[in-house]
Amino acid sequence: MIVADQKPIEEILQMLEPYRKVLFLGCQTCVAVCMAGGEKEVGLLAAAVRLARKHQGRPIEIVEGAVKRQCDDEFNEPWAKTIEQQEAVLSLACGVGVNKLSERFDVPILPALNTKFFGEVERQGVWAEVCAGCGNCILHLTGGICPIARCAKNLLNGPCGGVRADGTCEVAQNGSRPCAWVMIYERLGKLNQRQNLENIFGAKDWSSDRHGGPRKRIREDMLLEG
Amino acid sequence: MESNLQRALASKKFVVTAECGPPKSADRRIIEEKAKLLKDWVDAANVTDNQTAVTRMSSLAACAILKSLGLEPVFQITCRDRNRIALQSDILGAYALGIRNVLCLTGDHQSFGNHPQAKGVFDLDSVHLIETVRKMRDEGRFLSGDELTGERPAMFIGAVENPFAPPYEFRALRLKKKIEAGAQFIQTQIVYNIPRFREFIARVGDLGLLDKVYIIAGVSPIKTPGAAKYMRDNVSGLDVPNEIVARMEAAGKGIEDKKARAEAWRKEGITICVEIIQQLKEIPGISGVHIMAIEWEEAVPEIVQKAGLKT
Amino acid sequence: MSELKHGAVAVVGGGIGGIQATLDLADSGFYVYLIEEGPAIGGRMAQLDKTFPTNDCAMCMLSPKLVEVGRHPNVQIITLASVEALEGQPGNFRITLRQRPRYVDITRCIACGRCIASCVYQDAKFPSEFDVGLGKRKPIYIPFPQAVPLAAVVDPQTCIFFKSGRCPQNCLQACERGALDFTQTERLFSLDVGAVILAPGFEPYDARLVGEYGFGRYANVLTAPQFERLLSASGPTMGKVLRPSDGKAPKKVAFIHCVGSRDLRHQSYCSAVCCMYATKEAIVAKEHDHAIEPTIFYIDLRAYGKGFESLVKRAREEHGVRYVRSMISQIIEIPETKNLLIRYRDDSGSVREEEFDLVVLAVGMRPSTKGQELARKLSIELNQHSFAQTSVFSPVMSTREGVFVTGAFTGPKDIPETVIQASAAAAAVAALLAPARGTRTQAKQYPEELVPDGSPRIGVFVCHCGSNIAGVVDVKAVAEYAKTLPGVVHAENVLYTCSQDNLKHMKDVIREKKLNRVVVASCTPRNLAALFQDTIREAGLNKFLFEMVNIREQCSWVHSDQPERATEKAKSLVRMGVAKARELKPLSVQSVRVAPAALVLGGGLSGMVAALTLADSGFETHLVEKSSELWRDLQELVCIPEGEDVQGLRAKLLRTVRTHPQIRVHTNTTVKEISGFVGNFSSVLRGPQGEERIQHGVVIVATEAYEHKPNEYLYGADARVLTQRELGRALTEGPRVRAKTIVMIQCVERNEKRPYCSRICCAEAIKNALALLQQDPNRQIYVLYREMISYSFLEDLYRRARDSGVIFIHHDEQSLPVVRKENEQIVVTVRDTRLRQEVLIKPDLVVLSTGVVPDPYNEELSRLLKVPLDAQGFFVEAHIKLRPVDCTSHGIFLCGGSHAPGTIPELIAKAQAAAGRAAIILSKGQLEAGGIVASVDQEKCTACLTCLRECPFGAVFINEQGLAEIEAVKCQGCGICAADCPAKAIQLGQFEDIQELRMLEELFHPERMSAV
Amino acid sequence: MTNSEPKIVAFCCHYCAFAAADLAGVLRLKYPPNVHIIRLPCTGKLDTLYILKAFEAGADGVIVAGCLEGGCHFISGNLRAKKRVLAVKGLLARIGIAPERLEFFNLSSAQGDRFAQIAREMTERIKSLSSSVLTPLPEGKG
C-alpha cells in the first residue's frame, strides 16, 4: 500500500491561507488504511482547520468528503459540481490523487499529505518501507527481503561496516531497524540458500527505476482504442 | 607495476599506510603540513573522501597535492556522492594526475554528515566500483561495455572490510567477493580485538584468499579514556574490549595535573597501539598496518618507530 | 421423590457469593429468592475500596451486579430476613422466613434522603455499620449510595420513636411519597423451593480479643476493614488516610498479619486472604498519600493465587512497601503522641523498637454467628472450626441433601474462590432441579413493534422526583422549553416518572400522540433506563427509541445552590437529549438459536466433573481427551489429599461418565478446528475413527497442569532424588521408602521465568512428610522453604507436621539450598535465616517440590480458540475477581489446572462452576444478538483491519467479500472500533456519530433552537 | 448564557466516570453547572473528532473521563482514549488552543468526590487561561 503522512497543520494552514471556501477530499483506499487521509482524517483536519481559522478571525467554509479512490476519475466525477464551486480543494490522497484531480479540474488542488513510500503494516500504527518500486525485482534471490528498499545504501553485495553489534543499521536511530543484509543473511540461512550470496550481484540497471524518467505501463490487450 | 605501494607489498615488506584527511577549507597548506609529517614514515597515505559525509576538500585534489610532494597517495573514492559516470571519470582523472592507488568504498551514509538533507547516490556499491575500475584497467571498457579510447588507468585497487560487524561469518565471504571483483589490497577496520580479528583471518585463510590479496590491518591510537568508551559504546562496527578502556582509565588515575594526565593517556594510547601492531605482525597473512591517527598525524612517527617498522 | 420438583431456589446471604449464585440460577431458568439479613445486598465486598491482585475498584465491579439482581425478573430480594426452618426434601422444600420491618415501603421510596435530612437527630451520631464504625449515620439511613434495594431503612434500636414513643416524626411529613410506615411489624412466612444455597459469609475476627494489640483502647489501631473504609473515596474521610486520634495524615503505617489467625489461643487456621489484602491496602494507601511509609509485619507471606506474586513484587519494588518477617507480641501506645511502639526482630536477629503513626490489624476471618445459627436451624453439620462441613469431593454440598453451601461459609477464601463456589453451587442446584427448569419463570409478552415512519414525534417527560428535582430546577419551565424543540410533539411534567401510574400514562400518551421517540428527564439512566425502555416497548416502540436525561444526580443534586443555573442546565441537557432522540434509530435484537451441546476439552478430573455437571443438567456433552484414557494417571495431574480415597473417586467418575447417556467420550482425540461463536460453535474432532464435525453452544477448556520436572538438584542423575509426586506414588504404590533422613526442598526452579506459586506443593510436602513419619517415626525430615503456603485449614496439617517433629527450615529467595554429592553421600547445605547460619544435612533421600506447569497442549488450544494465555502458559480469565471461569470470548469457559493450579476440592468447584456458567447459555435455548452493537458499512469498509486488531472481544472477522464484519453476538458495544475506523465505516448503535455530534452542536447553542 | 464560567463538556464512560458523577450527586457535592456530561458506553468510543467538535461548538474545555487503568469494563477502551487525548492535545497546541483545555482522567465509580473535584479544577484551570478559545489572536496571523 502507499503510505503517506499528514503534513504539519501549520503547513496546511499556510496553503489554505488565500482561500475561504474549500473542499477537503479524502481517499478511502491506501491512505485511509494508513490513517492519513480517510474519511475520519478529513473530519478531524476540517475541524482543526475551522477552529484555527476561527481563531485567526478568518473563518473558512469547508465541505468534507471522501472518495473510494482518488486515482480514478470515475470516483471523483460525482464531486465535479462541488469542486467547481470551491476556491480550492485540499486533497487527502496520495500524490497520485492530487495529480489526478489537477488534471481534471481547473481549481487549485492542494496536497494535505506527504506521500512517503510503499509499505507494510509492521504492527498497528507502524508502517515500514519494504519495496522501492524499482521496476526490476530480485527478491527471489534475497530471501524475499529487498536490499534496495530496506538498505539505506541500496547495497547489493552484503552489509556495509555500519552494522551495530545487535544487527541493527547504524543509519536508523536507536536501533529501530535491523540491517537488511543481516536479515537477508539469516533468512537465506533458514531457506538453505546462502549460496545466493557467493556470486557478485552486478551493478543495478536503474533505468527501470524512476531514474529512467517518469514511467508508464501499457497493456496492449487491454487498450480500448484502436 | 606503477604503484609504489604495490611494489613494497610485492617485496614482502611489512608496509605502513596512514590516513590523511583533507581540510574543511581550500587551504592546500594543511595538506602540505600533513604530508611533511608523514612523508618519511609511511609507504603511502590514504586521502579520505568526505569522510563521515562531512564536506571537505576533494580527495582527488588532495591526492594530487600529495603526489606533487612526493608522498604516495591512496585515492579513496566512495559511491555515496557520485554515480557511475562521475566515478569512472574521476578514476580516469586521478590516473592522469599520477595517482596509482585507489581504495573503493561505499561511503558513510549522508545522514551522519553535515548535509543530512543530501540525496545519497549509491548508484553502485563498493563491489561494483572495484569491478568497474578493474574492467577499465584490464579490459579497457567502461562498466557499460563501452570502450575506452586510449590509455587505461593502471590502478592498484584496494577495498575495505570490517571484521567486527555482524554477520561475522559472512565478512570473509564478502571479502572474497571483493577480491573476485578485483581488489588487490584490503585495509581493515581498526583492530582492537585481536582474537576476533584472528578468527576473521582464519576464515579468510579457509577460503584460500590470503595468497590472493594483501591485507593491511587498521590501527588507531586512542587519545583519552573518553574516546575509548565512546568508540566502545557508540561507534557501530568498532569492537573495543573493556580491557582497553580499563587500561586507558588506569593510565590517568591519580594524576591531578590535567596536562600531565593527558600526556599519560596519550602515552598509554600509543603503547596500546604499538602492542597491537606487534601482535598483528605475528599473524600470517597480514602485510602491513594502516594507521588512522585522525587529526593526530604527529603520533604516526612515534608509533612507527616504537613498533620497529622504520627500516 | 415422586412429586414434581420446585423450580425456585432460596439463596441465603446477599454477599458476592449469594449474588453470583442468584444470577447464575436466575439466568438459567430458575426463580430465586435472595434472602439477606441486612437492609441491602452487597455484603463485605461492597465495603471494600479495591480488590487484590489487580487493585480494581470493588464497587465498580459489584455495583452493576447489584443493579442486575435488583431488576432481574426472576429474582426477589428479601431483605432484613432470616431463615427459621426448612422442611421437606431435595426438590421439595418449604423454607420459613422471619422478616423484620423496614418501616419504609421500598416500592415507594426513591432514596431522595429527605426523611434523613428531617430526622430529629440533626447530626448523624450512630456508628455506621457500612463504615465499620468510622462513619456515623442517623436512625433512618440509606445503607450506602449504591445499595440495592436503594431505599431508606429505620433502625428501631436508635430511633427515638421506638425508644421513647415521643418523636415528632418529621420524617413522615418530609417523605413526599408516603413511603414511611411505622406500623410495619415482623412477618413470618414460608416459600416453596426446590433447593437452598447458604452463603452467609464470614465475620472479621474481633480484634478486641487480641488484647496485646490494644484495639479499642488505642485510637490509632484500626482493623483492616476499617482501614479499607478510610481508603474508600466514598468512605468517612472521602478516601483520605487520617488518624482517628487527631485527624492528621499518618506517615508510618504498620500492618500486622495473622491477627486472630494461626494462633491456638484464637483460631488455628490461616485466614487465607490477609497477606494479600494487607499488601493491597499498603499499596493503595501509598497511592493515596505518597508520604505514607507502609511496613508489613508477617510470619509467612502467602501469595499463592493467580497474580498474587506480581502484586507483592510491585508492592516491594514499585511502591516501596517494607516487609518484615517478625511476629509482633505487643503494641504500646505512647500517651502524648498516641503513636504506637512496635517491638520486632529485624533481619539480623536483633530486637528493635519502632514508632508508628497508625497500625492496621490484618484480622482474620471467622465463621459468622448468623451462619452457625443457620446451620443449627437447618440441621447441617459444621466442622471443627464451625465452618460448614463439606467433603473434599463435594466442596459445595452440605451434610443435608439439597442444601448447598458456598463461599466463606465453607472456610476462609477470597472473592474469586467464593464466586467459583457460588457458580458451582448454582450448577449443582441446576442439575438437581433440571426437570423443573423454567417452571417458575415466565417470558414477558410484548405487542408487535411499530415501525417508526415519517419525521420524529418525540415525547418528553420531565420528572419532578418530588422535590428532588423540582425543588431546585424549574421543571415546568423545562417542560415548556422542551415543547419548543423541533420534533417534540408532547412534553409534560410528571411527579414521579418511575411510578406505576405514570408508566401506564406514558404508554397511553405514546399511543394517543403516536409518539415514536421518548425522552425522560429524571435521574440516572444507570438505574431506570431499562424500566422505561421496557415501558415504551410495551407500548409498541422499539426500546432503543429512548433517551434518558439525567437532571437529578448530575443537575439538581449538584447545583442546588444555584437553582437558576440548574434550570438552564436542565434545559440544555433536555435540548441535547431531544437532539439525540431525533437521530435515534430502532435497533433490532435477533434471537440466535443455541446448539444445545457442550464441548469439554481435557478428560482429567476437571473435565470429567465439568462433563458430568453439564450432562446432569440435561445437556449433551462431548468429552475430548487427547490420550488413550480419561484421568489416565491418578497421581500425575492432581495432588492427593491426606486420607482421601482418590482412587475410589476416579473409579466412580469413570464409571458414571462412561455410562452417562448424555456424555460422549472421545479419547485419542484432538480438536482440529473450532469456528463459530457463543451458542453456535462448530468443531472438527480428529480421533481414531477419523474426523467428525460437531455442533455445540459452549466450550469448556479443562486441561490440567503437570508436575514440573526439574533440571537441578541431581534430579535424574541420582535415584535418591525424587519429586513429591514420585514420592507420593512410592508411598501409596511402593516400593517401600527406606530412607532415614529426608530433605524436602520447596519452590524448586521457581524463578523469574516461573515466578508463580503452584499453591499445592506445601500441602503435598507436609502430607508426604507425615506419611513418612507414620511408616517410621524415627525418621528425620527437613523441609527447606521460602514461604509455607498452608492457607486455610491446611494450617492444621502444617501444625501437626511441626508437632510430629518435621523440621522446617526457612531460607531466603537469594540463598537457595545446594545439593551435591561427596563420595556417593548426598550433602545438602542451606542458610537458615532463623539461625542465621549455614546448615548441613546428609540425607538418604531428597524430595523436590517442583510446582506445576500448564499442559503444553494449551498453546494449540489457545490458537484454535483464539483465547489468550498468560506468560506462563495458563489461560487468562475474563475477570480475575468476578468472572474467574469465563473467557473474554463469550461461550468459552475455563477450569482445570491449566487455568490455575489448585487442590482437588478447588479443581472440582472450578469445574462445576465452569459447567454451570456454560449451562446458563445452553439453558437459554436462544441468545439475543444485536442492540447496542457495532456494525460495518460494507460500502465504506476498506478492510484496513484496524477493528480486527483492536477489538478486545474478537468480534470482528473478515467476511467472504474481504471486508470487516462484526459478529453481533460477540460484540460488547464498547465502540473502540467505531472511534478508530479511518474510513468511518463503523457505527455503534445508540451511540452513532450523528447522534453524538448533534448533541454537541446543540449543547451551547440555545439560540439556534429558538429560531426553528 | 449570562455567566462567565467556562463551558465544559465531560465525556464520561458509562461504568465508571458517569457512575462517579452520579455518586457526586448522591453525596450532594457541588461543582459548577457549566460542566455538561455526555455519556459514552466506554471512552473507547470517544472519537477524537468529538473533542474538536466540542471546541467548535463553543466549549472552553473538554474532560474525558474513563475507568481506572486496568479497570476498564471493555478491557482497553480507556487506554485507547488516553492516547487519543494525548494526540489531540498536541494538535490543539498547534492551532493555537491551549492543550490544558483538554484533559484525560481515570476514575472509579466510587470516586464521586474526585469527579466533583475534577469539574471544579478544570473550571478553575480554564478560567486562569488568558483568552477564551476562539478569541481572535491579537495579530490575526494572516
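User: How many residues does the contact take from chain D and from chain C, and what makes two residues count as being in contact?

Analyst: Chain D puts in 50 residues and chain C 48 residues. Two residues are in contact if their C-beta atoms, placed from the backbone, lie within 7 Å. Keep in mind that this is a predicted model: local features need pLDDT of at least 70, side-chain atom pairs count only at pLDDT 80 or more, and totals for chains, interfaces and linings use all residues. As for names, residues are numbered from 1 along each chain as its sequence is written, while chains are lettered from A and ligands numbered from 1 in the order in which they are written.

User: Which helix of chain D gives the most to the side that touches chain C?

Analyst: That's helix 1 of chain D, with seven residues. Helices here are DSSP runs (H or I, at least four residues), strands are too (E, at least two), and both are numbered from the N terminus.

User: What is the side of chain D that touches chain C made of, by class?

Analyst: There are 27 nonpolar, 13 polar and ten charged residues on that side of chain D. Ala, Val, Leu, Ile, Met, Phe, Trp, Tyr, Cys and Pro count as nonpolar, Asp, Glu, Lys and Arg as charged, and the others, Gly among them, as polar.

User: What makes the span of helix 3 of chain D close to the expected one?

Analyst: Helix 3 of chain D has 18 residues and reaches 26 Å from its first C-alpha to its last, against an expected 26 Å at 1.5 Å a residue. The expected span is 1.5 Å times one less than the number of residues, so the helix fits the rule.

User: Which residues of helix 3 of chain D are called buried, and why?

Analyst: They are D:G77, D:N78, D:R80, D:A81, D:R84, D:V85, D:V88, D:L91 and D:L92. They earn the name because each has 20 or more other C-beta atoms within 10 Å of its own (12 or fewer means exposed, in between partly exposed; C-beta atoms are placed from the backbone).

User: How do you know where those buried residues sit around helix 3 of chain D?

Analyst: They cover an arc of only 140° around the axis, which puts them on the same side of helix 3 of chain D. The arc is that of the directions from the helix axis to the C-beta atoms. On the other side of this helix, D:L86 and D:G90 are exposed.

User: Which helix of chain A gives the most to the side that touches chain D?

Analyst: Helix 3 of chain A does, with nine residues. That contact takes 14 residues from chain A and 16 residues from chain D.
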